[in-house]
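Open the model in your viewer and keep the selection tool at hand. The tour below goes from one selection to the next and says what is there.

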2 protein chains.
Amino acid sequence: MKRKPSTEATSAWIRLMRVQSRVLDCVEQDLKKAGFPPLAWYDALLELSRAPTGELRPVELERQMLIPQYSTSRLIDRLVDEGLAARRECKIDKRGQFVEITEAGRELQKRMWGAYSAAIEKYVGSKLSDADAVKLSALLDRLGCSCGEMKLPVNESATAR
Amino acid sequence: MKRKPSTEATSAWIRLMRVQSRVLDCVEQDLKKAGFPPLAWYDALLELSRAPTGELRPVELERQMLIPQYSTSRLIDRLVDEGLAARRECKIDKRGQFVEITEAGRELQKRMWGAYSAAIEKYVGSKLSDADAVKLSALLDRLGCSCGEMKLPVNESATAR
DNA sequence: TCAAGATTGATGCATATGCATCAAGTGCGG
DNA sequence: CCGCACTTGATGCATATGCATCAATCTTGA
């Protein structure tokens with residue numbers, strides 16, 4: 001059976017794209033003006049800081065953040081260069097490694113959250129009632145799941161590009 | 001007065017980010033597998049094809065697409081290299097120029113819309129009723145406007161990153 | 001136990017992006 | 001009319017990303 005290409009879906013998608021990129025630009029701009037590194041760093045630090053042991057395998061980080069493998073690899077390089085994380089040997093799998101967040105990393109993550117949450121409040125919270133935010137979340141959730149075959153990690157996390 | 005950082009807004013924002021990037025990945029993947037260039041090309045071609053005369057000043061394109069000036073400049077380079085657009089002299093302002101879409105450009109835009117609309121249907125339309133899509137659009141609209149000082153072009157357009 | 005295949009993470013190379021700056025042209029105030 | 005600030009669009013350079021591929025290790029199954 002033929003299904004007419006839904007105008008409503010198209011228009012919702014276009015708004016989704018535009019709003020997301022507009023707001024993201026604003027948020028990143030604020031963070032950058034406050035002298036912070038890109039959001040991807042925050043995401044990684046957050047994931048690491050949440051791990052019970054403060055360390056994760058790169059491959060886990062990659063799956064949490066939904067970014068390609070080489071991207072994870074180089075992101076870790078940068079975090080390590082800045083002393084925000086450290087590579088630790090993985091005894092159970094010699095191919096692999098653990099990435100452990102450092103104290104400096106935890107501290108940066110917390111400071112960034114200050115600026116980040118303020119930006120979210122400014123660009124999202126102030127425009128939407130709590131009830132509407134809940135509705136929005138619910139509608140988005142329906143889109144999120146099972147796009148192709150990957151699974152969407154549902155945890156309250158950061159933003160991953 | 002102090003305003004507690006809304007958990008709801010935060011969670012809505014995170015979902016917005018994740019869903020957008022997930023679905024966008026899927027859509028771009030489909031387009032790429034079908035042998036098409038990136039969505040940004042489509043956006044530009046669409047804007048050009050919509051212009052009554054089939055041509056726009058780079059600076060207009062830039063404002064429509066919400067991308068930085070140098071990015072527009074180089075995107076146009078690529079379109080021109082591929083014969084999808086042509087630079088035309090601007091008689092009224094000798095600094096400037098017009099970019100005109102070619103027949104090949106119009107044709108590619110139409111072919112891409114075929115694949116693009118199919119992807120939107122697949123990843124968005126099939127997951128959301130029309131009514132829900134409308135609700136989603138409405139909620140997103142509230143976020144879109146007046147982030148900082150720029151204006152959101154409301155026209156039904158493509159996606160601009 | 002060992003070979004074939006899969007997984008983990010790094011990297012060389014081409015391309016794309018961000019930033020700063022530039023040259024050319026416009027337009028406004030005096 | 002002139003000079004000065006602004007707009008338009010391009011570009012050099014550093015950095016980031018995507019793609020393909022690699023080496024090392026792990027796992028499976030005959």
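A residue counts as near a strand if one of its heavy atoms lies within 4 Å of that strand. This is a predicted model, in which local features need pLDDT of at least 70 and side-chain atom pairs count only at pLDDT 80 or more, while totals for chains, interfaces and linings use all residues. Residues are numbered from 1 along each chain as its sequence is written, chains are lettered from A and ligands numbered from 1 in the order in which they are written, and side-chain values use heavy atoms, with hydrogens and water left out.

**DNA strand D**

Select DNA strand D and the residues near it. There are 19 of them, and the closest include A:Tyr70, A:Lys94 and B:Lys32. Of the strand D atoms within 4 Å of the protein, 59% belong to sugar or phosphate and the rest to bases.

Now pick single polar contacts (pairs of N or O atoms within 3.5 Å). B:Arg57 has a polar side-chain atom 3.2 Å from a phosphate oxygen of DNA strand D. For B:Arg74, the partner is a base oxygen of DNA strand D, 3.4 Å away.

Next, color the helices (DSSP runs of H or I, at least four residues, numbered from the N terminus). Helix 4 of chain B gives the most to the surface near DNA strand D, with four residues.

**DNA strand C**

Move to DNA strand C. Here 19 residues surround the strand, with A:Lys32, A:Ser73 and A:Arg95 among the closest. A polar side-chain atom of A:Lys32 lies 2.5 Å from a phosphate oxygen of DNA strand C. For A:Val59, a polar backbone atom is 2.8 Å from a phosphate oxygen of that strand. Helix 4 of chain A gives the most to this surface, with four residues.

**Two helices of chain A**

Select residues 7-33 and 103-123 of chain A, which are helix 1 and helix 5. Their axes (lines fitted to C-alpha atoms over the stretch in contact, with angles from 0 to 180 degrees between N-to-C directions) are 9 Å apart, at an angle of about 145°. Contact here means heavy atoms within 4.5 Å. Among the residues that meet are A:Val23 and A:Leu31 in helix 1 and A:Met112 and A:Tyr123 in helix 5.

**A salt bridge**

Last, select A:Asp132 and A:Lys135. Which helix holds both? They lie in helix 6 (residues 130-144) of chain A, three residues apart, about one turn of the helix. Their side chains meet in a salt bridge at 3.3 Å, N to O; the term means a side-chain nitrogen of Lys or Arg within 4 Å of a carboxyl oxygen of Asp or Glu. Over all chains, the structure has 22 salt bridges.

Terms used: Polar contact = N/O pair within 3.5 Å; in protein donor to acceptor, adjacent residues only side chain to side chain.
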